[in-house]
Amino acid sequence: MKVRVGINGYGTIGKRTAYAILKQDDMEIVGVTKRRPSYEARLAVKQGIPLYVTGKDDVATFENEEIAVAGTLEDLTQEADIIVDCTPGGVGASWKELYDRTGVKAIFQGGEDHSLTGASFNSFANYQESWGAQYSRVVSCNTTGLIRTLYPLDRVFGLEKVFAALVRRGADPGDRKGAPLNAVEPSLKLPTHHGPDVQTILPWLNIHTMAVKTPTTMMHIHCITADLKKAATEVDILSVWDNVPRVKFVSGKHGIKSSAQIMELARDLNRPRGDFMEIIVWSDGVKVEDKTLYYYQAVHQESDVVPEIIDCIRSMMKLEEDPIRSIRKTDRTLDIGK
Ligand code: NAD
């Protein structure tokens with residue numbers, strides 16, 4: 001029996017989660033929700049994905065546009081074993097009462113607070129903590145990116161202290177809201193929420209973050225310094241990441257000097273939607289001086305959390321006990337990794 005997954009919110013993360021679930025043999029999509037009869041609603045129907053609406057009042061709006069509706073979100077909670085809530089940040093919390101009432105399990109996204117679920121998820125660092133859980137939260141794109149490269153370093157060398165400056169994309173490519181048009185906008189409330197968010201998974205890590213928003217839609221770039229407990233060379237650091245799934249190297253020497261060429265590489269590799277689910281590290285932008293490591297990484301904000309969502313479903317639905325087996329299966333089916 002496949003695990004039946006419903007997706008609430010069929011936007012940037014919801015669409016990609018649906019794509020990833022369609023590639024798995026141990027789970028299936030039983031429906032997605034839309035609030036408006038948009039092109040995305042029509043695309044879901046075209047792909048044969050049952051379309052649900054948020055509330056009863058929305059049914060007529062869709063039917064007037066001749067879009068077949070399978071039911072409401074509440075109906076979807078009856079069809080599904082687990083809901084992946086992909087509604088905008090803060091909105092997911094408003095649906096928790098429904099999930100509580102109907103008893104369906106749910107995964108929330110990084111736009112919600114850790115306190116909503118009491119559990120936050122990363123495939124490598126704490127897969128077992130969501131084992132059989134009723135609720136969990138896959139941390140944000142930036143937090144996922146930081147944990148993917150920092151956690152393995154902490155295991156091998158130990159991390160005394162980390163500082164990360166996040167150069168953030170202004171908005172997603174299909175979006176405009178909140179993006180500075182011709183400006184760079186610092187987050188003035190310090191430290192930014194990213195460090196504490198990493199600590200929801202790695203509570204022992206001494207990490208501080210700052211962030212600026214920039215007028216690009218492409219990727220986030222992280223400039224990271226980490227004080228190591230044990231001495232290491234650049235070669236040692238690269239070799240650790242080389243053995244970790246979902247971390248990929250690029251090189252300025254080979255012409256990849258910015259997020260633009262990384263996204264071009266994703267298209268050249270025929271990655272669906274031009275996504276890069278791995279965290280991209282510039283191998284020639286890594287430096288160690290007196291046990292302090294400096295490096296840059298790029299995060300494709302629209303897609304890096306998607307493999308974690310698939311692994312989180314496996315953990316919460318007790319489909320696979322071994323995190324590495326789940327990670328490898330997800331990566332093989334999504335054709336990502338090394
Ligand atoms: P989005 O705006 O692209 O999609 C949200 C979807 O939810 C849309 O289909 C929208 O119609 C629907 N929606 C809006 N209000 C709703 C409501 N009240 N009830 C039900 N559905 C509603 O958002 P997104 O970028 O996919 O973000 C979803 C979540 O994922 C957020 O928590 C966000 O913080 C997190 N996240 C986003 C990114 C990113 O860069 N886009 C990366 C990682 C995590």
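P191 sits in the loop that runs between β10 (185–186) and α10 (194–199). That's a good place to start a tour of this predicted model, since the bond leading into P191 is a bit of an oddity. L190 and P191 are joined by a cis peptide bond, with omega at about -10°. For background, most peptide bonds are trans, and most residues other than glycine have a negative phi.

**Two lysines with positive phi**

That second habit has its exceptions here too. K291 is not a glycine, yet its phi is positive, near 65°. You'll find K291 in the loop between β15 (287–289) and β16 (292–299). K318 is another case, with a positive phi near 55°, and this lysine belongs to the loop between α13 (306–316) and α14. How exposed are the two? K291 has a relative accessibility of 38%, so it counts as partly exposed. K318 comes in at 52%, and because the cut-off for exposed is over 50%, K318 counts as exposed.

**A helix with a buried face**

Now look at helix α11, which covers residues 234–242. Which of its residues are buried? They are I237, L238, V240 and W241. Looking down the axis of α11, you'd see these buried residues fall within an arc of 155°, so they line one face of the helix. What do they pack against? One partner is the helix α9 (141–156), and the strands β12 (220–228), β13 (247–250), β14 (279–282), β15 and β16 are the others.

**Two buried residues to find**

Since α9 has come up, pick out L146, which is part of that helix. L146 has 0% relative accessibility, so it counts as buried. Setting aside neighbours within four places in sequence, L146 is in contact with A164, V198, T209, H222, I224 and Q297. If you'd like a distance to check on screen, try G285: it is 139 residues from L146 along the chain, and their C-alpha atoms are separated by 16 Å.

H300 is another one to track down, in the loop between β16 and α13. Is H300 buried or exposed? With a relative accessible area of 2%, H300 is buried. Not counting residues up to four places away in sequence, H300 touches three methionines, M218, M219 and M263, along with G274, D275 and F276.

**Empty spaces**

Rolling a probe the size of a water molecule over the atoms shows where empty space is left. How many cavities of 30 Å³ or more turn up in the whole structure? The search finds 1. The largest cavity has a volume of about 30 Å³, and its lining is made of R271, P272, D275, M277, L334 and I336. D275, you may recall, is also one of the residues that H300 touches. By class, the cavity lining has 4 nonpolar residues, 2 charged ones and no polar ones.

Then there's the second largest pocket, with a volume of about 240 Å³. It is lined by 15 residues, and F124, Y151, P152, R155 and V244 are the ones nearest its centre. Where does the lining come from? α8 (123–126), α9 and α14 (323–334) each supply at least two residues. The largest share, 5 residues, comes from α9, the helix that also holds L146. Sorted by class, the pocket lining has 10 nonpolar, 2 polar and 3 charged residues.

**Cysteines on their own**

Finally, the cysteines. A disulfide is a covalent bond between the sulfur atoms of two cysteines. How many disulfides does the structure hold? The count is 0. For C86, the nearest cysteine sulfur is that of C312, 11 Å away. Because a disulfide needs the two sulfur atoms within 2.5 Å, C86 is in no disulfide. C223 is in no disulfide either: the nearest cysteine sulfur belongs to C141, at 16 Å. As for accessibility, C86 is buried, with a relative accessible area of 11%, while C223 is partly exposed at 27%.

Here are some of the residues from this tour, lined up by how accessible they are:

| Residue | Relative accessibility | Class |
|---|---|---|
| L146 | 0% | buried |
| H300 | 2% | buried |
| C86 | 11% | buried |
| C223 | 27% | partly exposed |
| K291 | 38% | partly exposed |
| K318 | 52% | exposed |

Note on methods. Residues numbered from 1 in each chain as written. Predicted model: local features only at pLDDT ≥ 70, side-chain atom pairs only at ≥ 80, totals over all residues. Heavy atoms only, no water. Buried < 20%, exposed > 50% of the residue type's maximum accessible area, 1.4 Å probe, protein only. Helix = DSSP H or I, 4+ residues; strand = E, 2+ residues; numbered from the N terminus. Arc of directions from axis to C-beta. Contact = heavy atoms within 4.5 Å. 1 Å grid on protein atoms, 1.4 Å probe; cavity = no way out; pocket = protein on both sides within 12 Å on 5 of 7 lines; lining within 4 Å. Points joined across faces, edges and corners; volume = space filled by probe spheres on them. Nonpolar A, V, L, I, M, F, W, Y, C, P; charged D, E, K, R; others polar.
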